[in-house]
Amino acid sequence: MNRLLVGLLLASAWPLGAQAVPDSSQATRVHRAWQRPTSMGLDPFRYVFVPRWGFVISSGGFGENNTLNASDLGAVMVLDDADDFRVGDALDAMSLLPRGAGAQGVGAGEAAFTLAGPIGPLQIGLSAAGRAYGVFRLDDQAVALLRDGNGGTQEFSLGQSGGAALATVEAGAHATYRLKPLGSVDGVRLTLGAGFRMVRPVFYGAARSTVANGGRILISDDSLVANVGLQLDVTPIEDSDIQDAIASGTRGSGVAADFLVRAEWPTNGFALEAMFANLGTVTVERVERSNINVNVASTRLDVVLDSLEVQTADSNRVRDTIAVDVTLPHMVRFSGSAWANRILQLDAIVSLPVTGDFQTPLTVEFGSTWRFIRTIPLRAGLVFGRTQGLGYSAGFGIEGRNMLFRVSGQSLGGFMRNARGAGVQFAFGMFF
């Protein structure tokens, strides 16, 4: 039985192994640096594969939430610009939050400069970048009072509410080495990549509930009882010598490691890749910790408000200055590429969820790159698996011997005005 299974596998693989890319296909003419699939998010090897020595200036970012789409956010911005945004408008926005999900959001952004080029089979890349990450969650119990009132229930809590933000500056070095064909001239070619980045934090902030299960807020017909607490961890941002503090490391430091394995079948126009990026932690020094504790019980609203003002003013003082170890947002990504015909490359990308301070969701992307003109790729794709639902992507580029220009965008959880998130990437490079 085992021999039969092996025979069937070999028979099914034989057509792929024997199939050759036509000489007229763009797969035989496009540099392998431009055949790697592009995707939103961190990719430290994105421009290490460039065909000649040169530099690339790039930037990008994305942000998404689980409820408000582009139309909703646009209306809020118009009201805010006109100074007409009222408490009632905020409550109306709260009513859009789906029951049981609360409010969630995540975002990231980066700007980088990469100097890279080949030395024989070795590719070298030196980079400097600034990056920022953010995430928040407001538990459904916390928004239920504003969204539903206390008609259905009288007891509320903060639940699992919290959030975090981290901004860093980084400098790194990466290298990839392409092995000779295995087995025969047309055999598979492996590329191994590794690198590291020195990370310096610029800003860190986090908030979380300190009372078990988010505390307790009880509202009855004639009284209000509240017992809640928040812990705030924030680096001071008023330092006049912030650049000197970052350079000297007094704000903290860390190291991130990145690894890549890529297998290419050039004759067949097929490639598989695995990338593990941002593996590491950063220690943030001089984090100021404070606590807000509220414990009130009264039948009069004015007494409650006065008590809140006094208690928050007294408790929101810096209690300690500590060092915090922050886990960087890890990335585990697997991708595959194949040429469907003379001009069309198809890509599939799977980004696995990784827990930590900035958890990322499971994402599956299917993309297509059309090269009617070899140096001008047109891209379009679909994104599945995000908490927001189905998303779309599109972009174009100019990928020549002496220059690179790319622009791409992505809608998350909807299309155009119905999207509950968006992303964008830009890159410009010159090669010598």
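Glu273 is buried, with a relative accessible area of 5%. The model is a predicted one, and this acidic residue is a useful place to enter it. The cut-off for burial is a relative accessible area under 20%, so Glu273, at 5%, counts as buried.

What does Glu273 pair with? Its salt-bridge partner is Arg36, and the closest N and O atoms of the two are 2.7 Å apart. Arg36 belongs to the loop between α1 (2-18) and β1 (54-65), whereas Glu273 sits in strand β10 (residues 270-298), so the contact ties together parts that are 237 residues apart in sequence. Arg36 is buried as well, with a relative accessible area of 4%. In general terms, side chains of opposite charge can pair when their charged atoms come close.

A second set of charged residues is centred here on Arg197. This arginine is buried, at a relative accessible area of 2%. Its side chain meets that of Glu170 in a salt bridge, with 2.6 Å from N to O. The two residues come from distant parts of the chain: Arg197 lies in strand β6 (residues 189-209) and Glu170 in strand β5 (residues 162-178), 27 residues apart. Glu170 also counts as buried, at 5% relative accessibility.

Arg197 forms a salt bridge with Asp258 too, and there the closest N and O atoms are 3.1 Å apart. Asp258 is placed in strand β9 (residues 252-265), and this pair links parts of the chain that are 61 residues apart. Both Asp258 and Arg197 are buried.

Returning to the starting residue, which others are connected to it through shared partners? Salt bridges that share partners join Glu273 and Arg36 with Arg32, Asp43, Arg178, Arg262, Glu264 and Arg333 into one network. The count of salt bridges in the model comes to 15.

The surface offers another kind of grouping, made of nonpolar side chains. A nonpolar surface patch of about 890 Å² is formed by Trp53, Ile57, Phe113, Leu115, Ile119, Leu126, Phe426, Phe428, Met430 and Phe432. Which elements give two or more residues to this patch? They are β2 (103-119) and β18 (421-431). Ile119, one of the patch residues, lies in strand β2. Residues enter such a patch at over 30% relative accessible area and without a salt bridge, so the patch members, including Phe113 and Met430, are selected by a rule that excludes buried residues such as Glu273.

Terms used
Residues numbered from 1 in each chain as written. Predicted model: local features only at pLDDT ≥ 70, side-chain atom pairs only at ≥ 80, totals over all residues. Heavy atoms only, no water. Patch = residues over 30% accessible without salt bridge, like charges linked within 9 Å, V, L, I, M, F, W, Y side chains within 5 Å. Areas by Shrake-Rupley, 256 points an atom, 1.4 Å probe, with all protein chains shown as cover. Salt bridge = Lys/Arg side-chain N within 4 Å of Asp/Glu carboxyl O. Helix = DSSP H or I, 4+ residues; strand = E, 2+ residues; numbered from the N terminus. Buried < 20%, exposed > 50% of the residue type's maximum accessible area, 1.4 Å probe, protein only.
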